[in-house]
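Please explain how this chain is arranged, beginning with its pocket and then turning to its strands and its core. A formal account suited to a first-year student is requested.

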Amino acid sequence: MRAKRRNHMIGGLCALILISLLAVSAGAVSIDETAGLNLTFHKGTYTDLFALGQAADGGYLLGGFGYGTAGESALVIKTDAAGVEGWSAAPGGDSVAALLALEDGGAVVATYTVDGGFLAVSDWENATGSSHLTAVDAAGQTVWNITLDGVRLTDLTALPDGGIAAAGWIWIAGGESDAFLGVYEPTGAERWTATYGGRAAHTLSPSPEGSFFVAGTYRPVIETPGASWLMKADASGTKLWTKEIVNRTILTSLPVSGGGYLVGGTMTEPYGENGTMIATYAWVAEIDGDGNLAWERQVPGAEIDAMAEVPGTGYALAGRWGSAPQVQIIDGDGNVLDGRVWDSAKGRLTSVAVLASGEVAASGWTGMNGSAEGWLVSFALLPGAGTPPQTEAPGFVLAGACAALLAVGVLRKTRK
C-alpha cells in the first residue's frame, strides 16, 4: 500500500532539486540582533519551548516542557516585553504542543501525555496516550479543560468567530495512526471532529472561506526517506482533495495570499558517491489552493520547524542547521534574504512569530550554557542587503542524523 502511495505525487513535484548552491537574492533586509532578546529559561533538567505567542500586553507566552520538575512537565511561561518572567503554570500532561494567545491576555494550549512518560518510551511503534485542550487566564489559572483520549494533538489555529481548530492523530498499535481534526467553541465545547485513515497530521492552516489545510506524514514515527500528504477539508471536515509528495516531510504550514499555502520541513536526496545514503536538507514550498506545486526551494539548514509571514518582506523560517539553531528570512518566491545560525549553541528553534513591532521572535531550546534550556530570541529586520550564511545545506547521512537528534529524538518521532 505504501509503495503505491509513494507513486502518486503533486504534479511537477517529482523533479529532483539539484543539491547545489542556492540562488540568493540581493537581499532586501538584514537581521539585527542589537536590541533583541536572548534569554534562557531553566525549568528542570531539560527545558524546551515549542510554542510562542505575543501576549495582549506585549509580553510573551511560551509553551513546552520542563522535564525533571515535580509532577507533570507541561509548561506555560508568561513574560513581559523584556522577557522577564511573570508567572509559569503547569497545565497538565507531558508537554505543550501548541499555543494560541487570546485577546484577554490568556491562552489556549494543546498538551499531550504519552503513556509511560514521553522520555521513557522505547517502543514508539506501540505508543499510546491522550491530549488536553486547556484555557488559562491572564494570571495562568485554568479556565476550562477538556480531555481527548487516544489523541496526540500537534497544532492549533484560531478561527474568525472565536472558535478553535485542532489537529493531530489518533494512536493505533503497530505504529499506525488516523489523522484527527476537531473544532471547538471558545468555551471548549466540541462542535465537530473528523478522522482520516492512515495518516498523522503535523500542521493545520485555515482558509478565509472557512476550509482547512492539513498536512503530515503517514505514520507518527517519521521515516527517512518518507512521504507526506496534503489535504483540504471544508468547514465541516469533509475532505475536498488529497495529494501526496514523496521524499519530503511536511512539518509546518501557513496560508498565503491568493488562497495557497506555504509548507516547510525536510527533503531527502541520495548522498555519497554511489547515492546509496540519505541526506536531509531544509525545504520550503508554496502550494496553490488546489494542492498543486507553485515552487519549492532547498534552503539552508537541515530542517524547518516553524514559519511566520513578514508583511512586505516574505517569511521567517525557524529550525536547525545540523545540530545548531537557525532562522532564515526568505522573500515571497523562496529566495533567501538573510539568515542567522547560532553555531556555538547546540539546539533547535521550533516556533517563530512576527511581533506587533515588526520584530521577529523565535523559541526552542539551546545548550549554550552547558545544559538544555528553553530559549527565546528576537531581532529586528533592517532595510539593506543581508549577508546570508553559507547556502549549501549541511546534509548528513541517516546515521549521523540520528546522532544529531538524540537529545530530542523521542519528540521528533512524534512531533507535530
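**From the pocket to the core**

In this predicted model, seven strands each supply at least two residues of the lining of the largest pocket: β3 (46–54), β7 (95–101), β11 (151–158), β15 (200–206), β19, β23 (303–310) and β27 (347–354). The volume of this pocket is about 890 Å³. Its lining consists of 33 residues, and those closest to the centre are L52, L99, L100, L156 and V352. By chemical character, the lining residues comprise 21 nonpolar, nine polar and three charged.

One of the strands just named, β19, leads to a sheet that may be examined in detail. Strands of a sheet pair through backbone hydrogen bonds, in either a parallel or an antiparallel manner. Here, four strands form an open sheet in the order β19-β20-β21-β22, and their pairing is antiparallel. β19 (248–255) and β22 (293–298) stand at the edges and have a single partner strand each, so one side of each is left without a neighbour in the sheet. On average, neighbouring strands of this sheet are turned by 25° against each other, direction ignored.

The individual pairings can now be followed. Seven bridges connect β19 with strand β20 (residues 261–271) in the antiparallel sense, and L254 has L262 in β20 as its bridge partner. At the other end of the strand order, strand β21 (residues 277–287) is joined to β22 by five bridges, again antiparallel. There, I287 has L293 in β22 as its bridge partner. β21 and β22 form a hairpin with five residues between them, and G291 in the turn has a positive phi of about 90°.

Another hairpin is found elsewhere in the chain, made by β13 and β14. Strand β13 (residues 176–184) and strand β14 (residues 190–196) run antiparallel and are joined by six bridges. Within this pair, F180 stands opposite T195 in β14. Five residues lie between the two strands, and G188 takes a positive phi near 95° in this hairpin.

Finally, the largest nonpolar core may be considered; this core has 20 residues. Those with the most contacts inside the core are V327, I329, W342, L349, V352, F379 and L381. V352 is also listed among the residues closest to the centre of the largest pocket. The elements that give two or more residues to the core are β1 (29–32), β23, β24 (314–321), β25 (324–330), β27, β28 (360–366) and β29 (373–383). Of these, β29 gives the largest share, four residues. Both β23 and β27 also supply at least two residues each to the lining of the largest pocket.

How values were computed: Residues are numbered from 1 along each chain as its sequence is written. This is a predicted model: local features need pLDDT of at least 70, side-chain atom pairs count only at pLDDT 80 or more; totals for chains, interfaces and linings use all residues. Side-chain values use heavy atoms; hydrogens and water are left out. Two strands pair if DSSP finds at least two bridges between them. Axes are lines fitted to C-alpha atoms, for helices over the stretch in contact, and angles run from 0 to 180 degrees between N-to-C directions. On a 1 Å grid over the protein atoms alone, a cavity is a set of points where a 1.4 Å probe fits but cannot get out, and a pocket is an open set with protein on both sides within 12 Å along at least five of seven lines; lining residues have an atom within 4 Å of a point. Grid points are joined across faces, edges and corners, and a volume is the space filled by probe spheres set on the points. Ala, Val, Leu, Ile, Met, Phe, Trp, Tyr, Cys and Pro count as nonpolar, Asp, Glu, Lys and Arg as charged, and the others, Gly among them, as polar. A nonpolar core is a set of buried Ala, Val, Leu, Ile, Met, Phe, Trp, Tyr and Cys residues joined through side-chain atoms within 4.5 Å. Buried means under 20% relative accessible area, exposed over 50%, partly exposed in between (1.4 Å probe, protein chains only).
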